[in-house]
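Colleague: I'm new to this one and would rather get to know a single part well than skim the whole thing. Please take me through the main pocket and whatever is built around that spot.

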Amino acid sequence: MTGNSTIAVHADREVHPSRAVARPIYQTAAFGAEDGERFAQVAVERRGHDFYTRYGNPNHAQVAAVVAELEHTETAMVTASGMAALTTAVLALVSAGDHVIGQKSTYGGTASVLMNLLPRLGVETTLVDQTDVHAFEKALTSRTRLILVESPSNPLLQVTDLPAVAELARAHGVLTLADNTFATPVNQQPVAFGIDLVWHSATKYLNGHSDVSAGVLAGPAELLDRIWDVGVLTGAVLGPIDAWLLLRGLRTLPLRMERHNANGQALAEALNEHPAVTRLHYPGLETHPQHLLAKSQLSGFGGVLAVELADGFEAADAFLGRLRYARRSASLGGVESLAVHPASMWRGMLSDEQIADSGVPLGLVRLAAGTEDTADLVADVLNAVEALDR
Ligand SMILES: Cc1ncc(COP(=O)(O)O)c(C=O)c1O
């Protein structure tokens, strides 16, 4: 079987081939055709790449070829952001009167789609505890069309039993869509466990350099065709230059993930025993309550960990202020370490009660380890946490 690093460098070779070693940027809104017959052909081709850039562009198709091969799916498509991938898929797959199941621990944008957008469109939703497979089963109704899973989840790094949820969904004729942003296809391929479709915030690890907003959907052609039909109407199209940058980022994804995995594990181990830390959430730790499940699904545990500090809100804020390398930022997955204290980020948006309802403790910090040297990052977090004790 071809390795991930080889796939990342070569999977797009036959897509719009040219003699240039690096892919040219097709900075064009539209393409011409040789004759009327060819024009009529490209005008109706789904996920084609030489008709009109909102329908597709060679730079999109090259990214899609790499992601599809890494995710082991038949095909893929790109969108202007991760949220565009999710909303396009959901609009294509459910209608008023349908029911969707999601997780309580999930990225905030996904939670808002489930709690606000879908109910407004007449789609009922139920949010369940992802650590309990029976909760998914209990939530099923005769109108359930889709289950959204995210594993490991943001920001609590909870794990979903993907084979069990996929089996349950298939038995009831329900589609499954997994957010694979935290794991990436290098660490986990959800379709290998029976999940139907995968989406990513490609803004994170897939691009890996914090300089592009993008999304990707991967799955079988039959489902991607339905989603693409809606995508050309929602028009959340990725610019060709951004697609080109994303392809360049993908070339090194497997290499970068090796370092992210090593750094995430080292930071988790270094902080886990510290007296100023009450709880450390990282699926690669043997003390993580779902470690065995995580090990059965993930070949690496990624660069993101969540640290709960004993002295709550103030300690978390002070810890972030003392870090030398990880900057305060809402993103993750780039070569540079980033850190966020959700409770202080949400202070202007949510009441104390809403923050408490989110299940995210006031003293929780999400650390996203970059690709810096492991020893430097470990020394930096220990220095910051030790300063809290004094
Ligand atoms: C796990 C996860 N999924 C989806 C998204 C949304 O992606 P984007 O910001 O590219 O729209 C994010 C963004 O932070 C995320 O962390």
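Colleague: Which helices and strands each supply at least two residues of the lining of the largest pocket?

Modeller: Six elements do that: helix 4 (82–93), helix 5, strand 3, strand 6, helix 14 (342–346) and helix 15 (352–357). Before we go on, keep in mind that this is a predicted model, in which local features need pLDDT of at least 70 and side-chain atom pairs count only at pLDDT 80 or more, while totals for chains, interfaces and linings use all residues. Residues are numbered from 1 along each chain as its sequence is written, and side-chain values use heavy atoms, leaving out hydrogens and water. Helices and strands are DSSP runs numbered from the N terminus (H or I over at least four residues for a helix, E over at least two for a strand).

Of those contributors, helix 5 gives the most to the lining, with 6 residues. The pocket has 45 lining residues altogether, and Thr106, Tyr107, Gly108, Gly109 and Trp346 are the ones nearest its centre. Its volume comes to about 1,200 Å³. By class, you'll find 19 nonpolar, 19 polar and 7 charged residues around the pocket. (Nonpolar covers Ala, Val, Leu, Ile, Met, Phe, Trp, Tyr, Cys and Pro; charged covers Asp, Glu, Lys and Arg; the others, Gly among them, are polar.)

How is a pocket found? On a 1 Å grid over the protein atoms alone, it is an open set of points with protein on both sides within 12 Å along at least five of seven lines; a cavity is a set of points where a 1.4 Å probe fits but cannot get out, and lining residues have an atom within 4 Å of a point. Points are joined across faces, edges and corners, and a volume is the space filled by probe spheres set on them.

Now for the sheet that strand 3 and strand 6 belong to. It is an open sheet of 7 strands in the order 1-7-6-5-4-2-3, with mixed pairing. Strand 1 (75–79) and strand 3 (124–128) are at the edges with a single partner strand each, so one side of each has no neighbour in the sheet. On average, neighbouring strands here are turned by 20° against each other, direction ignored. Two strands count as paired if DSSP finds at least two bridges between them. Take strand 2 (residues 99–103) and strand 4 (residues 144–150): they run parallel and share 3 bridges. Ile101, for instance, has Ile147 in strand 4 as its bridge partner.

Helix 5 (residues 108–120) packs on this sheet, touching strand 2, strand 3, strand 4 and strand 6 (197–201), and its direction makes about 155° with that of strand 3. Helix 9 (residues 221–234) packs on the sheet too, touching strand 1, strand 5 (175–179), strand 6 and strand 7 (215–219), with its direction at about 20° to that of strand 1. Contact here means heavy atoms within 4.5 Å. The angles run from 0 to 180 degrees between N-to-C directions, with axes fitted to C-alpha atoms, for helices over the stretch in contact.

Follow the chain out of strand 4 and there are two cis peptide bonds to look at. One runs from Ser151 to Pro152, with omega near -10°, and the other joins Asn154 and Pro155, with omega about 0°. Pro152 sits in the loop between strand 4 and helix 7 (162–171), and Pro155 lies in that loop as well.

Further along is another open sheet, this one of 5 strands in the order 8-9-12-11-10, again with mixed pairing. Strand 8 (277–281) and strand 10 (327–328) are its edge strands, pairing on one side only. Strand 8 and strand 9 (residues 304–309) are antiparallel over 4 bridges, and Leu280 is partnered with Val307 of strand 9. Helix 11 (residues 253–272) lies across strand 8, strand 9 and strand 12, at about 15° to strand 9.

Finally, the enclosed spaces: there are 4 cavities of 30 Å³ or more. The largest holds about 60 Å³ of space. Among its lining residues are Leu267, Leu323, Ser337 and Asp380. Helix 16 supplies the largest share, 3 residues, and strand 12 (364–368) and helix 16 (374–389) each give at least two. That lining divides into 9 nonpolar, 1 polar and 1 charged residue.
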